[in-house]
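Here are my notes on this one, written as numbered points so you can check each against the coordinates. Could you read through them with the viewer open?

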Amino acid sequence: MAWRSQLSRNLKELRVLFCQTSPSSASARSFVEKNYRDLKTLNPKFPILIRECSGIEPQIWARYDMGVERGIRLEGLTEPQILKAVEDLVKAGASPKA
């Protein structure tokens with residue numbers, strides 16, 4: 001999983017949005033609980049923003065150079081699928097056009 005250390009090179013910011021209590025956000029909460037520490041350890045100065053809001057649909061947003069952003073809805077995805085989505089966002093940042 002070498003892509004984990006590429007966060008700070010390929011992205012400018014990663015935002016995870018989810019509800020603290022809704023069942024649709026359970027996998028997003030689990031993703032954060034299991035992966036935040038590792039991602040932050042590998043990218044200590046990289047902003048990983050966790051936004052909790054009651055009733056919000058779980059989403060993840062990546063900000064690239066020039067203010068370009070890409071978002072993915074996480075509702076219905078499992079934790080491994082969310083991890084793959086983050087990997088795809090990071091790899092997309094490696095290409096010249098994000």
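**Notes on the predicted model**

1. Start with Asp38, which is partly exposed at a relative accessible area of 33%. Keep in mind throughout that this is a predicted model. Asp38 pairs with Arg4 in a salt bridge, and their closest N and O atoms sit 2.6 Å apart. Asp38 belongs to helix H2 (residues 26-42) while Arg4 is in the segment before helix H1 (7-10), so the bridge ties together parts that are 34 residues apart in sequence. Arg4 itself is buried, with a relative accessible area of 8%.

2. How many salt bridges does a search of the whole structure find? The search comes up with 9. As a reminder of the background, side chains of opposite charge can pair when their charged atoms come close. I only go through some of the pairs here, so please look over the others yourself.

3. Next, Glu13 and Arg15. These two form a salt bridge with the closest N and O atoms 2.5 Å apart. Are the partners buried or exposed? Glu13 is buried, at a relative accessible area of 12%, and Arg15 is buried too, at 18%. The cut-off for buried is under 20%, so the 18% of Arg15 falls within that class.

4. Then there is Glu57 with Arg73, whose side chains meet in a salt bridge at 3.2 Å, N to O. This pair links distant parts of the chain: Glu57 is in the loop between strand S2 (48-52) and S3, and Arg73 is in strand S4 (residues 69-73), 16 residues apart. Glu57 is partly exposed, with a relative accessible area of 27%, whereas Arg73 counts as exposed at 63% relative accessibility. On the subject of linked pairs, salt bridges that share partners join Glu13, Arg15, Arg63 and Glu69 into one network.

5. Gln59 deserves a point of its own. It lies in strand S3 (residues 59-63). At 19% relative accessibility Gln59 counts as buried, since the class covers values under 20%. Which side chain does Gln59 meet in a polar contact of 2.7 Å? That of Trp61. Leaving out residues up to four places away in sequence, Gln59 touches Arg15, Val16 and Leu17, and also Ile72, Arg73 and Leu74. Two of those names have come up already: Arg15 as the salt-bridge partner of Glu13, and Arg73 as the partner of Glu57.

6. On to Lys12, which is found in the loop between H1 and S1. Lys12 counts as partly exposed, at 41% relative accessibility. Its side chain makes a polar contact of 3.2 Å with the side chain of Asp65. Not counting residues up to four places away in sequence, Lys12 touches Phe46, Pro47, Arg63, Tyr64 and Asp65. Among them, Arg63 is also a member of the salt-bridge network with Glu13, Arg15 and Glu69. One more distance to check: the C-alpha atoms of Lys12 and Gly67 are separated by 8.7 Å, with their positions 55 residues apart along the chain.

7. Now the cysteines. The disulfide count is 0. Why is Cys19 left unpaired under the rule? The nearest cysteine sulfur, that of Cys53, is 7.7 Å away, and a disulfide needs the two sulfur atoms within 2.5 Å. Cys53 is likewise in no disulfide, with the sulfur of Cys19 as its nearest. As for their surroundings, Cys19 is buried at a relative accessible area of 3%, while Cys53 is partly exposed at 40%.

8. Last, the interior space. Searching the whole structure gives 1 cavity of 30 Å³ or more, and the largest cavity has a volume of about 40 Å³. Which elements give two or more residues to its lining? They are strand S1 (13-18), H2 and S2. H2 gives the most, with 5 residues. The full lining is Leu14, Val16, Phe31, Val32, Asn35, Tyr36, Leu39, Ile48 and Ile50. Val16 in that lining is also one of the residues that Gln59 touches.

Note on methods. Residues are numbered from 1 along each chain as its sequence is written. This is a predicted model: local features need pLDDT of at least 70, side-chain atom pairs count only at pLDDT 80 or more; totals for chains, interfaces and linings use all residues. Side-chain values use heavy atoms; hydrogens and water are left out. Helices (H or I, at least four residues) and strands (E, at least two) are DSSP runs, numbered from the N terminus. Buried means under 20% relative accessible area, exposed over 50%, partly exposed in between (1.4 Å probe, protein chains only). A polar contact is a pair of N or O atoms within 3.5 Å; within protein, one must be able to donate a hydrogen and the other to accept it, and residues adjacent in sequence count only if both atoms are side-chain atoms. Contact means heavy atoms within 4.5 Å. A salt bridge is a side-chain nitrogen of Lys or Arg within 4 Å of a carboxyl oxygen of Asp or Glu. On a 1 Å grid over the protein atoms alone, a cavity is a set of points where a 1.4 Å probe fits but cannot get out, and a pocket is an open set with protein on both sides within 12 Å along at least five of seven lines; lining residues have an atom within 4 Å of a point. Grid points are joined across faces, edges and corners, and a volume is the space filled by probe spheres set on the points.
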